[in-house]
Amino acid sequence: MNTLRVTLSLLFAGAVAATGVAASGDAFAARHDTPPPSTDDTGCQPGQGMPVRRMFSRPMVAPAAAPAPPAMTKAAPQGLVESVAQANYATAIAAPYLPVDRENYAHRAPNPVHLAASDPVSTFSVDVDTGSYTNVRHMLNEGRLPPVDAVRTEEFINYFDYGYTVPESRAKPFGVTTEFAPAPWNPERQLLLIGIQGYSVPASEIPPANLVFLVDVSGSMDEPDKLPLLKASLKQIVPKLRAADRISLVTYAGATCVALPSTPGNEHAKIAAAIDALGAGGSTNGAAGIDLAYAQAAKGFIKGGVNRVILATDGDFNVGTVGVQALKDRIAEKRKSGVALTTLGFGEGNYNDEMAVELADAGNGSHHYIDSLGEGRRVLVDEMSATLMTIAKDVKIQVEFNPGVVAEYRLIGYEKRVLAREDFNNDAVDAGEIGAGARVTALYEITLKGSKGARVDPLRYASAKDTPASGELGFLRLRYKAPDGGAGQLIEQPLSADVAGQASERLRFASAVAAFAENLRGGKYVDGFGYDKVAELARGAQGKDEGGYRAEMSRLASMAGGMSTEPVAESPRR
């Protein structure tokens, strides 16, 4: 027991010495950081952002005064009582230093089932974000299931390439692919796939880019999967920058500064050195950083080029303007200048997913979560044109279902992108953007009239005048604007009600991804089609699988099944 006492004393003394009995990890970093840097655009003061090492990997709760060891009692064997007392004492000392999970995810209820007879029209905005999938991948690879609100089904589906036909001309910025086949979890229902493929622009043909990387260098970023991974990811893009491009680095912690003024893209050594010099320490005044980044973007603005701020952060804003709505309003105002905003999320423990996602939406950009250097390269290099260059803005999708053919329908995912019916024709309503070469996939689960798969009982007093059945499942409308604005343009086409005998490879894999995400959200709508069946379906639809992303998804589904404690529901009898 003497050894235990000595060990506990040393641990406690070390913790106090390491933290200075700080009120929190960030407060400690703020007090021990270098002097506040300049907030003008002349550059950072020497020492700005020097690393501040923290004892733990997540924010800590302020330690209370250590309790005195409980008095020993003679009512029980001395050795046993002393062991229990010392164990309680150790817990009391260690508890204040346990990690506190401050991750933040917006709650959105899943889309409900709609009756085509009473509510035949579905309207939503496209979404090219992929951050939910890679964030959940990160969690599963760490051996933990994600919180339900971290899972956004459409971002799982849109992470993958389904081989849609690429438009041959910029005159039509994207092509449309549709498919209608039985759902794998219930053959009494069907899946309608709507795929949009953007016009592909070779990297050599991307217009000159004015990129401002807004880098969070606060104390919370001082973790291996945050600032070091961010720096390595940023360096992946450096060799691809051209002389016509401009790049600058703006950093923010307790204050802001320009770590690299606008610099020609071909000055690779200078840019790489500025990235290498970044270090973490201090609190997080993200709002001030956003203002300074947009000011830098305005200075280097390239007319007819790509002008974008790329915010890289764990999202832990705790100084200045911290409310999501206030920041969204600020960014929505600044996007009118022609400068878009993309967000890159990093790390765990205090990751503010809600903020990162909503700021990207407000800034006419996309959100990605970087969980590895490979993902950093995929986003910033391999899919650079899709990430940076917008080819169509305010893209909306509307499907009118034929009540004579369709009994029920449900849009799978896109909860944060659902629009009112009247918003479709209103060009003032903001919607999602599509980048060069980007693809968007949406799935509807459909129950045809007369099917045993209906979830909602028919009305007793339904109108006697039914819509005549026809060969059309419904009617698809897409509305979009050119990148430079102007009036919305319309694409329309009917949807055939002919059901394919078997789903294609692309639809089988897309449905496996959708079922994977839906299982992580509780599995309410997949009729007991559990993780093992998801993995099997995905393995059978891998195709060429360049990069191994599809095989990885099936492994993740198997891993999630191994972690799940929920009983596997039986599929309904048919």
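pLDDT is the predictor's confidence in each residue, on a scale from 0 to 100. That matters here, as this is a predicted model: local features need pLDDT of at least 70, side-chain atom pairs count only at pLDDT 80 or more, and totals for chains, interfaces and linings use all residues. Residues are numbered from 1 along each chain as its sequence is written, and side-chain values use heavy atoms, with hydrogens and water left out.

The protein averages a pLDDT of 83, and 77% of the residues score at least 70. Two stretches to treat with care are residues 46-77, where pLDDT stays under 50, and residues 569-574, where pLDDT also stays under 50. Counting a contact as heavy atoms within 4.5 Å, the model has 79 contacts beyond four places in sequence for residues 46-77 and 10 for residues 569-574. Where pLDDT is low, the predicted coordinates should not be read in detail.

Now to helix H4, residues 131-141. Helices (H or I, at least four residues) and strands (E, at least two) are DSSP runs, numbered from the N terminus. Of the 11 residues in H4, 10 are buried, meaning under 20% relative accessible area with a 1.4 Å probe and protein chains only. Those buried residues pack against helices H5 (153-157), H11 (373-382), H13 (505-520) and H15 (549-563), plus strand E10 (367-369). One of them is His 138, which counts as buried because its relative accessibility is 12%. Leaving aside residues up to four places away in sequence, His 138 touches Asp 225, Glu 348, Tyr 369 and Asp 371. Just after H4, Gly 143 takes a positive phi of about 90°.

Helix H7 (residues 268-276) has Ile 271, Ala 272, Ala 274 and Ile 275 buried. They cover an arc of only 160° around the axis, so they sit on the same side of H7; the arc is that of the directions from the helix axis to the C-beta atoms. The buried residues of H7 pack against helix H6 (227-237) and strands E6 (246-252) and E7 (256-264).

Finally, the cavities. On a 1 Å grid over the protein atoms alone, a cavity is a set of points where a 1.4 Å probe fits but cannot get out, and lining residues have an atom within 4 Å of a point. There are five cavities of 30 Å³ or more, and the second largest has a volume of about 90 Å³, the space filled by probe spheres set on the points, which are joined across faces, edges and corners. Its lining includes Arg 108, Asp 149, Lys 416 and Glu 518.

Methods
On a 1 Å grid over the protein atoms alone, a cavity is a set of points where a 1.4 Å probe fits but cannot get out, and a pocket is an open set with protein on both sides within 12 Å along at least five of seven lines; lining residues have an atom within 4 Å of a point. Buried means under 20% relative accessible area, exposed over 50%, partly exposed in between (1.4 Å probe, protein chains only).
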